[in-house]
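Hi,

Here is the structure I promised to pass on. Have a look at it first, and then read my notes below.

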Amino acid sequence: MVLKYHRRLISTSLFIDEIMKLIKRYFIVITVFFLFYLAIINKNRLFPRLVFGQFHLISTESNQTVNVRQSQLYEHEILNGGIITLYDVTQDNEWDFQCPKTQYNEADITDVRICIYDPQHDEHVSGQLNDHGKWEPVVVRSFLRLLRALPNTHVIDIGANLGLYTLLATKYDRHVIAVEPLYDSLIRLHKSIQINNVQHQVTLIANAIGVKHERLALNIVDKNLGASYLSYLDELAPSDKKLEKLVDEQHGIPPRVLAEVDTITLDDLVSIYPIFFKRAILKMDIEGFEALAFSNASVLFNRTEIPAIYMEFGKLIEIKYHRGMIKKIEEMLSFLKKRNYEPYEVNDINHILYDNWESWPWDVAFRRCDICRCPGLEKLVGSAE
């Protein structure tokens, strides 16, 4: 009897051992799958340097590219055979970015949040927004003043970067067509659009503005990502200013090409206009490519009433001795002068002269004097301000 009981006890013990082994195996398998699931849903925190989008790394420390899915990009074919790449801002954005509030002295925009880079990789724009909640306060003040004064006026933001002007314009219930080729900036702008709940007010384009439809390299400038530029400008540079001869003072290396982008023209923008998009303020900051871009802008200006153009002009002065650039700058200025634009400092007071463009300030505002007030001129037609 005792022997039989002993055998039964051993059999039960073996059975329990087998059950425990199975439980351990299943526990290990389930744990592995659970950890894999956590890694997928928290990929942005676990792999903060990788962009699960199209082009490259968020940080520019490594000269590498990552080719991954383009689930948020879709193509829009236009009549001339070109393709505009649109970014879908309606999808969820799970990235965990730092998104401080802007701190401009404007009662109606105090709650605008903008997602930034780590300031160690973007000392200028992200650094200023992080530390002070503002960037280009004089330009922004002029931009907002004019936007308030002109009802039913929307915005075209060329070189949107992190989308400061785009986001501020949406606070006045304006629609914005924003153009930004750098994917790292696009995902931050997308996150900002989502946080501020303005998805229906922004059309986001993932191309660069060029002179025709082609694929060009984009040079990413570490420490100042907003200064990234199309490398085509380097091909126009004098021999002593070629990229390979420039040395970064901190790193001892020139900027690296980290991305290739497809270009469209300014004229292409009219093909994706919302039906109500008749009048718009144009803001351009494309690091010296402005003069080249205006070679294909007639359709845009014929189809759109543009009261003012805010332009970073200083880079054009810096590269004026690049091959053919003086001619392109003069052609751009002639284009604007014929359309009744007058150049001003962005303080909205000091009128500057076309003939003295080589000594203009870094930022310039062109005003169309038959729409908005041009201070200091006899030909005051409107009084929008």
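Let me start in the middle of the sheet: β3 and β10 run parallel and are paired over five bridges. Within that pairing, Ile158 has Met284 in β10 as its bridge partner. For the terms, two strands count as paired if DSSP finds at least two bridges between them, and helices (H or I, at least four residues) and strands (E, at least two) are DSSP runs numbered from the N terminus.

Before you go further, note that this is a predicted model, where local features need pLDDT of at least 70 and side-chain atom pairs count only at pLDDT 80 or more, while totals for chains, interfaces and linings use all residues. Residues are numbered from 1 along each chain as its sequence is written, and side-chain values use heavy atoms, with hydrogens and water left out.

**The sheet**

β3 also pairs with β4, again in the parallel sense, over four bridges, and there Val155 sits opposite Val176 of β4. β3 is mostly covered, with five of its five residues buried; buried means under 20% relative accessible area, exposed means over 50%, and partly exposed is in between (1.4 Å probe, protein chains only). His154, Ile156 and Ile158 point one way from the strand, Val155 and Asp157 point the other way, and all are buried.

Going on from β4 (residues 176-179), four bridges connect that strand to β5 (residues 202-205), and the two run parallel. Ala178 has Leu204 as its bridge partner in β5.

Put together, nine strands make an open sheet with mixed pairing, in the order β1-β2-β5-β4-β3-β10-β11-β13-β12. The edges are β1 (73-77) and β12 (341-345); each has a single partner strand, so one side of each has no neighbour in the sheet. On average, neighbouring strands are turned by 25 degrees against each other, direction ignored. For angles, axes are lines fitted to C-alpha atoms (for helices, over the stretch in contact), and values run from 0 to 180 degrees between N-to-C directions.

Towards the β12 edge, the pairing is antiparallel: β11 joins β13 over five bridges, and β12 and β13 pair over five bridges as well. Ala308 stands opposite Arg367 in β13, while Tyr341 has Arg368 in β13 as its bridge partner. β13 is mostly covered too, six of its six residues being buried. Asp363, Ala365 and Arg367 are on one side and Val364, Phe366 and Arg368 on the other, and both faces are covered.

Helix α4 (residues 137-149) lies across β3, β10 (280-284), β11 (308-312) and β13 (363-368), and runs at about 165 degrees to β11. Contact here means heavy atoms within 4.5 Å.

**The aromatics**

There are 14 aromatic pairs in the structure. Rings of Phe, Tyr and Trp (its six-membered ring) pair if their centres lie within 6.5 Å; planes under 30 degrees apart count as stacked, over 60 as edge-to-face and the rest as tilted. One to look at is Phe313 with Trp360, a tilted pair with 4.7 Å from centre to centre and 50 degrees between the planes. Phe313 is in the loop between β11 and α10 (314-318) and Trp360 is in the loop between β12 and β13, so the pair ties together parts that are 47 residues apart in sequence. Phe313 is buried at 0% relative accessible area, and Trp360 counts as buried at 6%. Ring pairs link both of them with Tyr354, Trp357 and Phe366 into a cluster.

**Around Asp88**

Which loop holds Asp88? The one between β2 (83-87) and α3. With a relative accessible area of 17%, Asp88 is buried. Its side chain makes polar contacts with the side chains of Thr90, at 2.5 Å, and Gln91, at 3.3 Å. A polar contact is a pair of N or O atoms within 3.5 Å; within protein, one must be able to donate a hydrogen and the other to accept it, and residues adjacent in sequence count only if both atoms are side-chain atoms. Leaving aside neighbours within four places in sequence, Asp88 is in contact with Gln72, Tyr74 and His190.

As for α3 (residues 125-132), its buried residues are Val125, Ser126, Gly127 and Leu129. Gly133 follows this helix and has a positive phi, near 75 degrees.

Cheers
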